[in-house]
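Hi there,

Here is the structure I promised to pass on. My notes follow just below it.

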Amino acid sequence: MSDGRLSVFKTYKLYVGGKFPRSESGRVYEVNDSKGGWLANAPQSSRKDARDAVVAARKAFGGWSGATAYNRGQILYRIAEMLEGRREQFVREVADAEGLSKSKAAAVVDAAIDRWVWYAGWTDKVGQVVGGANPVAGPFFNLSTPEPTGVVAVLAPQESSFLGLVSVVAPVIATGNTVVVIASADRPLPALSLGEVLATSDLPGGVVNILSGRTAELAAPLASHQDVNGIDLTGAAGDADLAKELEAAAADNLKRVLRPQAVDGSGDGWTASPGTHRLTAFLETKTVWHPTGALGASGSSY
């Protein structure tokens with residue numbers, strides 16, 4: 001450097017259980033920019049890392065799913081706030097990862113921040129949209145309410161290192177699930193940096209766990225893991241054989257499976273309005289029946 005200082009290169013680490021471990025195996029792999037230039041060494045996660053991430057996600061599920069929807073919305077909005085403060089860093093990382101101009105990368109980062117805000121606003125509204133009182137004939141009534149599925153494994157899109165990542169992670173945690181996400185294999189750096197934002201945004205450790213490495217190597221143990229309740233196969237959109245293999249493995253414990261969708265891999269597909277389909281993909285419906293009749297002394301119905 002011209003001023004005599006040595007360059008301080010960033011050490012990228014995994015984000016598991018609210019901490020930043022290196023890969024259990026000690027492996028790393030080179031991450032290059034769109035022109036083939038070296039950017040950094042990323043940790044190459046092992047199957048043990050994937051299992052550790054599931055343990056962390058399960059441990060965090062009770063507290064996160066039990067939090068009020070309003071509180072979850074506050075935390076998702078806080079993530080957007082923290083991203084706004086580190087906007088320039090993510091613009092640079094997205095530009096390097098995806099080969100975009102600075103202005104286009106800035107638009108991607110802005111859209112990702114806005115997406116956190118979008119889903120933050122939905123946390124306390126989705127229950128009214130997909131739940132409610134059901135019309136029945138008889139001396140009773142019933143109410144249907146959505147509940148989170150549990151631990152969800154997410155294969156982040158390969159081509160969209162940041163906006164796509166946010167678009168698949170935010171709706172899953174907005175509804176009370178916890179996540180183990182496999183970042184884009186060739187473009188993992190924005191995802192690993194996101195872990196640093198999550199760690200400083202009031203999000204409880206273990207709600208989101210971020211792994212980097214070879215998608216097929218990590219997805220296989222997650223798809224067959226008995227303590228994973230759902231899997232999003234978006235990141236397997238370009239590999240039909242892998243998607244089929246993972247879907248078959250997921251059937252062992254009747255996981256919910258979100259199959260890759262065509263729009264996810266199409267040019268600006270991630271910039272379109274997200275809608276609510278990802279919010280409801282990993283929700284279960286609980287219906288409670290209650291008899292009606294004479295009122296007791298307390299005024300409650302029997």
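Which residues does Arg72 touch, not counting residues up to four places away in sequence? They are Trp64, Ser65, Ala67, Thr123, Ile173, Ala174, Thr175 and Gly176, where contact means heavy atoms within 4.5 Å.

Before the rest, a word on the source. This is a predicted model, where local features need pLDDT of at least 70 and side-chain atom pairs count only at pLDDT 80 or more, while totals for chains, interfaces and linings use all residues. Residues are numbered from 1 along each chain as its sequence is written, and side-chain values use heavy atoms, with hydrogens and water left out.

Back to Arg72: this residue is buried (under 20% relative accessible area; exposed is over 50%, partly exposed in between, with a 1.4 Å probe and protein chains only). Arg72 has no salt bridge (a side-chain nitrogen of Lys or Arg within 4 Å of a carboxyl oxygen of Asp or Glu). Asp124, the nearest side chain of opposite charge, is 9.1 Å away (Lys and Arg count as positive, Asp and Glu as negative; His and the chain ends are not counted).

Next, the interior. The largest nonpolar core (buried Ala, Val, Leu, Ile, Met, Phe, Trp, Tyr and Cys residues joined through side-chain atoms within 4.5 Å) has 61 residues. Leu83, Trp116 and Phe162 are among those with the most contacts inside it. Leaving aside neighbours within four places in sequence, the contacts of Phe162 include Leu83, Phe90 and Pro190.

Finally, two backbone oddities: Asp202 has a positive phi of about 75° and is exposed, at 58% relative accessible area. Leu254 has a positive phi near 55° and is exposed too, at 75%.

Best wishes
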